[in-house]
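Subject: Structure handover

Hello,

Here is the structure I promised you. Please open it beside this email and follow along.

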Amino acid sequence: MTVFSGKQVVPVDYESEVSQRLLEASLSGDLKSALECIADPFADVNYIGAVCLKSRKSEVVLNDESASEVKVDYQEFKTDVTALFLAVHAGNVALVKKLLSVGADVNQKLFRGFAITAAVREGHREILEILLKAGASQPACEEALLEAGFHGRARLAKLLMGSDLIRPHVAVHALVTACCRGFEDVVGTLLECGVDVDVTDRLMLLSSKPSLHANVDCNAIAAAVVSRQVAVVRVLLKAGAKTDFKVRLGAWSWDAATGEEFRVGAGTRRAICHHLVCSGVF
């Protein structure tokens, strides 16, 4: 579009302008302004633009010989988004429905993930159901399940597992992640949905005392033991998790007979979980 002002010709990218206004209206929750932008034939509902987004963040806090905890906070930063992503992030059901009805792409991936990732991260169950019905893809659903493991969203994890779009190895990764973070409700939900409790997965295991910070191939109960998540260990044992297995820790291990912790070099050591629990390591 071109604007004529006297003798000066000023080019204006009106499509980008109205599309950016749609983003800003979606971010602020201004439904009236958002609908006006959507009604404009020049608006692109899948336009990607930058805004300052305040997003949920969680991190594991190590507590020496006590169970690790998850600290939840919000951080604000500039990032690329779409109107649908912002509407989902804010929990604006009416706007989500409207955007989907006019062609918003439910499977458009951004730096902060898919729209369905944002729904799980912020805990919006109704919107998650809407996005699943709108045709969320396997990659989107799998990323959302991992997000449920990160943030302890048990009910949302159950919905995602019911979609039949989650591959076994992704479900196992979500399970082991939830074990590290102490989300026993997520662990219980995934086990109820048929996730194999004894399958090995690779992830970052952390411990402050003794020191451990390494990518390790381990199963759910080994991850729970290293993270000292007592309640999760009990859930896993009740579910029939095997207690005689080998884990390559590299930095530290326990004596299988006494439960005593000791530092080791790189190598394989045997960890027998019922000895650890009974010997009072926790």
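Start at Ile116. Leave aside its neighbours within four places in sequence. Ile116 is then in contact with Leu128, Leu131, Leu132, Ala136, Ala140, Cys141, Ala144 and Leu160. Keep in mind that this is a predicted model.

Ile116 also belongs to a bigger picture. The largest nonpolar core has 80 residues, and Ile116, Leu99 and Leu236 have the most contacts inside it. Which helix gives the most to this core? Helix α9, residues 168-181, does, with nine residues.

Now the chain as a whole. The secondary structure comes to 13 helices and 10 strands. The chain has 282 residues, and buried residues make up 46% of them. Then look at contacts between residues at least 6 apart in sequence. Of these, 63% join residues at least 24 apart.

**Salt bridges**

Side chains of opposite charge can pair when their charged atoms come close. How many salt bridges does a search of the whole structure find? The count is six. Here are some to look up.

Take Glu143 and Lys109. Their side chains meet in a salt bridge, at 3.2 Å from N to O. This pair links distant parts of the chain, 34 residues apart. Glu143 sits in helix α7, residues 138-151. Lys109 sits in the loop between α4 (93-101) and α5 (115-122).

Next, Glu147 and Arg121. Their side chains also form a salt bridge, with an N to O distance of 2.8 Å. Glu147 lies in helix α7 and Arg121 in helix α5, so this pair ties together parts that are 26 residues apart in sequence. Are these two buried or exposed? Glu147 is buried, and so is Arg121.

Then Arg125 and Glu129. The closest N and O atoms of this salt bridge are 3.8 Å apart. Both residues lie in helix α6, residues 125-133. They are four residues apart, about one turn of the helix. Arg125 counts as partly exposed because its relative accessibility is 30%. Glu129 counts as partly exposed too, also at 30% relative accessibility.

**Thr117**

Go back to helix α5, where you will find Thr117. Why does Thr117 count as buried? Its relative accessibility is 1%, and the cut-off for buried is under 20%. What does Thr117 touch, not counting residues up to four places away in sequence? The list is Arg112, Glu143, Ala144 and Glu147. You have met Glu143 and Glu147 above, in their salt bridges with Lys109 and Arg121.

**Helix α2 and Arg21**

Move to helix α2, residues 31-39. Its buried residues are Ala34, Cys37 and Ile38. They cover an arc of only 100 degrees around the axis, so they are on the same side of α2. Turn the helix to see the face away from its buried side. That face carries the exposed residues Lys32 and Ala39. What covers the buried residues of α2? The cover includes α1 (14-28) and α4.

Arg21 has its place in helix α1. With a relative accessible area of 34%, Arg21 is partly exposed. Not counting residues up to four places away in sequence, Arg21 touches Tyr14 and Cys37. Cys37 is one of the buried residues of α2. Now find Ala43. Arg21 and Ala43 are 22 residues apart in sequence. In space, they are 9.2 Å apart, C-alpha to C-alpha.

**A strand pair**

Strand β5 covers residues 201-208, and strand β6 covers residues 211-218. The two run antiparallel, and eight bridges join them. A hairpin of two residues connects β5 to β6. Which residue in β6 does Met204 stand opposite? Asn215 is its partner there.

**One annotation**

The UniProt record, an unreviewed entry, has the annotation "repeat: ANK" over residues 79-111. In the model, this stretch is 52% helix and 9% strand. Its end C-alpha atoms are 7 Å apart.

That is the handover. Write back with any questions.

Best wishes

How values were computed: Residues numbered from 1 in each chain as written. Predicted model: local features only at pLDDT ≥ 70, side-chain atom pairs only at ≥ 80, totals over all residues. Heavy atoms only, no water. Core = buried A, V, L, I, M, F, W, Y, C linked by side-chain atoms within 4.5 Å. Buried < 20%, exposed > 50% of the residue type's maximum accessible area, 1.4 Å probe, protein only. Contact = heavy atoms within 4.5 Å. Salt bridge = Lys/Arg side-chain N within 4 Å of Asp/Glu carboxyl O. Pairing = 2+ DSSP bridges. UniProt positions renumbered as here; feature names shortened; annotations may be inferred. Arc of directions from axis to C-beta.
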